[in-house]
Amino acid sequence: MARNEAAIMRPVQYTEYYLVTGILNGTYPPGSDLPSERKLAGDIGVTRQTLREVLQRLARDRWITIMHGKPTRVNDYWREGGMGMLATLVQYPEYIPREFIRHLLCAREMLMPVCAGPAVAENREMFRAFLESGPASVDDAQAMADHDWELQSMMVFHSGNMVYPLMHNDFAPVFKIMGHRYFSLEKSRSASVMYYERLLNAVINYEDVRSVVKRAMAESIVIWDELQEAVDDRPN
């Protein structure tokens, strides 16, 4: 981040930026202890009250563990972190491992068919109406991304499972960035339009939608891999 960008951040925002980037870039590696509050506040240039507010927030998302009377420990966030850290990680894409997005897509491939089955079975007419209305534009990346996210949300929220929506909501900041990039490809938009048609037919004909959803999720992983390969093949 450029100096002038950091300068206009609020103290709390800058403190979080300072600490999270320090953890991600190895300044404070997993298993290490953070400096004392007095030193850390001085290094960052904020009050100890501001620092404590941010430390509590990072502890809540399991970036760190606060131990009273002992130094604050930096966690191995890939092993100990919670879903809440997704919203923070997406703000630092340069530190997200290459395979992370693919792993999210694989998780979605497992989750969405499980949600879709009971959701459609109990709300068939609602899904039919939504799929018949279609996205605002099949040629607009953002319109397609918005439509796809709403369809996923409907499946999750009507799945009958109280935990799935909580997990799904934490994917939102990642999907907001990834979705637009994915649907910027004509191939992605075409594949999704075909998926919506297959899904609508399954809904109308009272067929099991789980296989349709699983197939679409698997196809999205293949397309994402192709997109990443195309980026790799670009000349520097």
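## The largest pocket

In this predicted model, the largest pocket has a volume of about 280 Å³. Its lining is made up of 13 residues, and those closest to the centre of the pocket are Pro93, Ile96, Ile101, Arg181 and Trp224. Three elements each give two or more residues to this lining, namely α7, α10 (163–183) and α12 (210–233).

Helix α10 provides the largest share of the lining of the largest pocket, with four residues. By residue class, the lining divides into 10 nonpolar residues, one polar residue and two charged residues.

## Helix α8 and its surroundings

Helix α8 (residues 124–133) contains the buried residues Arg124, Phe127, Phe130 and Leu131. These residues lie on the same side of α8, because the arc that they cover around the axis is only 130°. The face turned away from this buried side carries Glu125 and Ser133, both of which are exposed.

Among the elements that cover the buried residues of α8 are α7 (100–122), α9 (141–157) and α11 (186–204). Helix α7 is thus named both in this cover and among the elements that line the largest pocket. After α8 comes Gly134, a residue with a positive phi, near 70°.

## Aromatic pairs

The structure holds nine aromatic pairs. In one of them, the ring centres of Trp63 and Tyr77 are 5.1 Å apart and the ring planes meet at 40°, so this pair is tilted. The pair of Trp63 and Tyr77 links distant parts of the chain, since Trp63 belongs to the loop between α4 (48–60) and β1 (64–65), whereas Tyr77 belongs to helix α5 (residues 77–80), and the two are 14 residues apart.

Both partners are buried by the cut-off of under 20% relative accessible area: Trp63 has a relative accessible area of 0%, and Tyr77 has a relative accessibility of 10%. Tyr77 also forms an aromatic pair with Trp78, which is again tilted, with 5.6 Å from centre to centre and 50° between the planes. Trp78, in contrast to the buried Tyr77, is partly exposed, because its relative accessible area is 40%.

A further group of rings involves tyrosines: ring pairs link Tyr14, Tyr17, Tyr18 and Tyr92 into a cluster.

Terms used:
Residues numbered from 1 in each chain as written. Predicted model: local features only at pLDDT ≥ 70, side-chain atom pairs only at ≥ 80, totals over all residues. Heavy atoms only, no water. Phe/Tyr/Trp six-rings, centres within 6.5 Å; stacked < 30°, edge-to-face > 60°. Buried < 20%, exposed > 50% of the residue type's maximum accessible area, 1.4 Å probe, protein only. Arc of directions from axis to C-beta. Contact = heavy atoms within 4.5 Å. 1 Å grid on protein atoms, 1.4 Å probe; cavity = no way out; pocket = protein on both sides within 12 Å on 5 of 7 lines; lining within 4 Å. Points joined across faces, edges and corners; volume = space filled by probe spheres on them. Nonpolar A, V, L, I, M, F, W, Y, C, P; charged D, E, K, R; others polar.
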